[in-house]
Amino acid sequence: MSYKITEAVTWVGKIHLDFGQVFGKKLSTRIGTTYNSFLIKDEKNVLIDTVWSPLGKEFVADLKKEIDLKDIDYIVITHGELDHSGGLGELMKEIPNTPIFCTASSICSLKGQFHKDWNFIQVKSGDELNIGERKLIFYESKMLHWPDSMFVYMTEDNILFSTDVFGQNYSAHESLLFDDCVDEEELYQRALKVYVNLFAPYNKIANKKIKEIEDLNLDINIICPSHGIAWRSNPQYIIDKYEQWSNNYEENQITIAYDTLRGSTEKMAQYIEEGIKQVWNEATVKLCNLAHLDITDIIVEIFKSKAVLLGSPTMNNGIFPSMAGLIELIKVTKLKNKRYVAFGSYGWSGESVGQIMDELNRCGFEVLDEGLKVHWVPNEEEKIRCIEFGKSIASKIKGNNK
Ligand code: FEO
């Protein structure tokens, strides 16, 4: 299967239909994704990226329908992660001497994963490769999201091949190849989810790199990321979004993420929400039950929030494993300028709230309060305490609102 991007550029990637395991627990997609590989035909023929390893055989078989593999002059690998480089294993069996252009760090990651001494040609920012009418210009994008990542700009067609940056997960087919073929709001949400889960830990680097790319004043007609649709209707849209998201982004939102055993901590969450709404009705309050939602979606809500309330009952003197997982994800996502507090019900010893607060303090997060505990099921008096707690949190956040 192949699709035309422009006269010279053909999508030769693979669609991976899957309901959750494409990236394991690291990032749920629900519908799968695409591994975008592009074949450029000019005086020299260039293949940009491949596909995930298990699809390598199919990828090579399909590629043969597009071109005699011996006619591929150069391979460019924008990022060594196996969802883009994995097809090299099969491809290089057929064309083992073809030069592979990539960053120094990619040479390291590719050697580490394939244990082959292929014909690597190291490139760095500003290096150019003439392929005939067109030129490829390389721009390293270190830590977006691996040390080895790079953008590739192609003249004439004015395409920016952006690796995972600006990507989103669609299991695209022909009618979904471009941004103007999909629902705008859904596209926004999918692009944001990728941003938060892959790039938010490197916000500062992302912001700097996006500005650098803008300062180059490249004429960009199409952005082709390595997952999902290509941005052609208004490529600047997603560049602007990345600039916003990477600059301490927040909305008037508070997220309450909790797990519950017999419903007491859930009741607390609902009462706290009620209190928040009494003080700050315009704010969006997201109630996220960890038992029902994926933490890679919850982290997106946290990313958008000014404050985060984490609720867990006490279980065997500790916190729920689901909450421990979320705290770990919050830590590694390194979100700045968020304010946190904990709450939870307990029957026996009641350590959960203190443990969550300790964890938040240890991570250097700004904490809003000492937290709120309720013994057993909240009664009328405790319901009022929860509502007052919500009101107090909302007042603090609203008071700081600019
Ligand atoms: Fe899509 Fe970082 O690989």
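**Aromatic pairs**

I started with the rings, and my search of the whole structure, a predicted model, turned up 19 aromatic pairs. I picked Tyr74 and Phe101 to look at properly. Their ring centres are 5.2 Å apart and their planes stand at 80 degrees, so I wrote this pair down as edge-to-face; the cut-off for that label is over 60 degrees. Where do Tyr74 and Phe101 sit in the chain? Tyr74 belongs to strand β7 (residues 74–76) and Phe101 to strand β8 (residues 100–102), so their pairing ties together parts 27 residues apart in sequence. I also checked burial, and both Tyr74 and Phe101 are buried.

Next I went to Tyr195 and Trp245. This aromatic pair is tilted, with 5.6 Å from centre to centre and 50 degrees between the planes. Helix α5 holds Tyr195 and helix α7 (residues 235–245) holds Trp245, so here the parts tied together are 50 residues apart in sequence. Tyr195 and Trp245 both came up as buried.

Then I followed the ring pairs outward from there. They link Phe151, Phe166, Tyr188, Tyr195, Phe199, Tyr242, Trp245, Tyr249 and Phe303 into a cluster.

**Charges over rings**

I looked for charged ends sitting over rings and noted Lys338, whose charged end is over the ring of Phe303, 5.8 Å from its centre. Phe303 is also a member of the ring cluster above. I noted Arg232 as well: its charged end sits over the ring of Phe178, 3.8 Å from the centre.

**Nonpolar cores**

Which residues touch the most other members of the largest nonpolar core? I got Leu63, Ile75, Phe166, Trp245, Leu309 and Leu310, in a core of 111 residues. Helix α5 (residues 184–199) gives the largest share of this core, 9 residues. Apart from it I found another core, of 27 residues, and its members include Trp11, Val123, Leu129 and Phe178. I jotted down the general idea too: in soluble globular proteins, nonpolar side chains tend to be buried together.

I zoomed in on Leu63 and skipped its neighbours within four places in sequence. That left contacts with Val12, Leu39, Leu47, Leu69, Ile72 and Leu91.

**Ile210**

I found Ile210 in helix α6 (residues 203–215). Is Ile210 buried or exposed? Its relative accessible area is 2%, so I put it down as buried, the cut-off being under 20%. Setting aside neighbours within four places in sequence, I listed its contacts as Phe166, Ile239, Tyr242 and Glu243. Two of these names, Phe166 and Tyr242, I had already met in the ring cluster. I also checked Ile210 against Leu192: they are 18 residues apart along the chain, and their C-alpha atoms are separated by 16 Å.

**Helix α4**

I listed the buried residues of helix α4 (residues 104–114): Ser106, Ile107, Ser109, Leu110 and Phe114. What do they pack against? I found α2 (82–85), α3 (88–94), β8 and β9 (120–122). Strand β8 is where Phe101 lies. Just after α4 I spotted His115, which takes a positive phi of about 55 degrees.

**Cavities**

Last, I went looking for holes. The structure holds 4 cavities of 30 Å³ or more, and the largest has a volume of about 100 Å³. I wrote out the lining of that largest cavity: Phe23, Lys26, Leu27, Glu81, Asp83, His145, Asp164, Asn169, Val194, Leu198 and His227.

Technical notes
Residues are numbered from 1 along each chain as its sequence is written. This is a predicted model: local features need pLDDT of at least 70, side-chain atom pairs count only at pLDDT 80 or more; totals for chains, interfaces and linings use all residues. Side-chain values use heavy atoms; hydrogens and water are left out. A nonpolar core is a set of buried Ala, Val, Leu, Ile, Met, Phe, Trp, Tyr and Cys residues joined through side-chain atoms within 4.5 Å. Buried means under 20% relative accessible area, exposed over 50%, partly exposed in between (1.4 Å probe, protein chains only). Helices (H or I, at least four residues) and strands (E, at least two) are DSSP runs, numbered from the N terminus. Contact means heavy atoms within 4.5 Å. Rings of Phe, Tyr and Trp (its six-membered ring) pair if their centres lie within 6.5 Å; planes under 30 degrees apart count as stacked, over 60 as edge-to-face and the rest as tilted. A charge sits over a ring if NZ of Lys or CZ of Arg is within 6 Å of the ring centre and within 35 degrees of the ring normal. On a 1 Å grid over the protein atoms alone, a cavity is a set of points where a 1.4 Å probe fits but cannot get out, and a pocket is an open set with protein on both sides within 12 Å along at least five of seven lines; lining residues have an atom within 4 Å of a point. Grid points are joined across faces, edges and corners, and a volume is the space filled by probe spheres set on the points.
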